[in-house]
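Reader: I am new to this structure. Please show me how to read it.

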Amino acid sequence: MAHRAVYNFALPSLAIARPPDALMTRCSLLLTNILAACLLSGLAASPAFAKGDAARGKTLAYTCTGCHGIVEYKNAYPSYRVPKIGGQNEGYIVAALHDYKRGERNHPTMTAQARSFSDQDIADIAAYLSGLKAK
Ligand code: HEC
């Protein structure tokens with residue numbers, strides 16, 4: 001476990017050693033995750049995504065706006081970057097939340113959030129968020 005965490009973080013940071021800006025880090029992370037999301041959605045035959053109830057997701061996602069600022073992609077804490085999730089691909093959001101829930105991906109707040117949700121909650125939240133239009 002400890003070894004795995006070390007390699008996971010060491011590889012991307014080596015890969016971006018030449019153009020060392022935050023955007024590149026974000027991009028390579030995103031690409032990795034998008035790839036993972038594609039693999040997952042292919043394997044899962046996707047019924048979990050289709051059943052998301054956006055209206056229910058809206059109430060569940062209420063607390064997310066404080067950090068993610070959803071529509072306009074602004075956040076309450078300018079000192080660190082919070083990824084844009086409003087209008088994000090539905091399968092990507094589902095995969096990201098399940099990654100946090102399983103501990104494949106680690107961030108204290110997001111892990112705690114994801115663990116408090118059932119699979120249905122995650123599907124509903126993703127249905128709601130993916131339907132938002134980013135400005
Ligand atoms: C306390 C601030 C905070 C709150 C509240 C919060 N998030 Fe996050 N979220 C973050 C941060 C910071 C990250 C980036 C963490 C990382 O690098 O893994 C993140 C990452 C994510 C990601 C992955 C995005 C990506 O581009 O890979 C998703 C999806 C997400 N959050 C959904 C949610 C949802 C849904 C809620 C509400 C239920 C929520 N978040 C509430 C701070 C927050």
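Reader: How do the residues of the shell around the ligand divide into nonpolar, polar and charged?

Author: This is a predicted model, where local features need pLDDT of at least 70, side-chain atom pairs count only at pLDDT 80 or more, and totals for chains, interfaces and linings use all residues. Residues are numbered from 1 along each chain as its sequence is written. Ala, Val, Leu, Ile, Met, Phe, Trp, Tyr, Cys and Pro count as nonpolar, Asp, Glu, Lys and Arg as charged, and the others, Gly among them, as polar. The shell here has 11 nonpolar, 7 polar and 1 charged.

Reader: Which residues around the ligand come nearest?

Author: A residue is near a molecule if its C-beta atom, placed from the backbone, lies within 6 Å of it. Of the 19 around the ligand, the nearest are Cys64, Cys67, Pro83, Ala96 and His107.

Reader: Which helices each supply at least two residues of the shell?

Author: Helices are DSSP runs (H or I, at least four residues), numbered from the N terminus. Helix H5 (65–68), H6 and H7 each do so.

Reader: At what angle do H6 and H7 pack?

Author: Axes are lines fitted to C-alpha atoms over the stretch in contact, and angles run from 0 to 180 degrees between N-to-C directions. H6 (residues 90–102) and H7 (residues 108–115) pack at about 100°, with axes 8 Å apart. Angles of 65 to 115 degrees count as roughly perpendicular, so H6 and H7 are roughly perpendicular to each other.

Reader: Which residues meet there?

Author: Contact means C-beta atoms, placed from the backbone, within 7 Å. Leu97, Tyr100 and Lys101 in H6 meet Met110, Thr111, Ala114 and Arg115 in H7. That contact divides into 4 nonpolar, 1 polar and 2 charged residues.

Definitions and conventions. Parallel < 35°, antiparallel > 145°, perpendicular 65-115°, else oblique. Contact = placed C-beta atoms within 7 Å.
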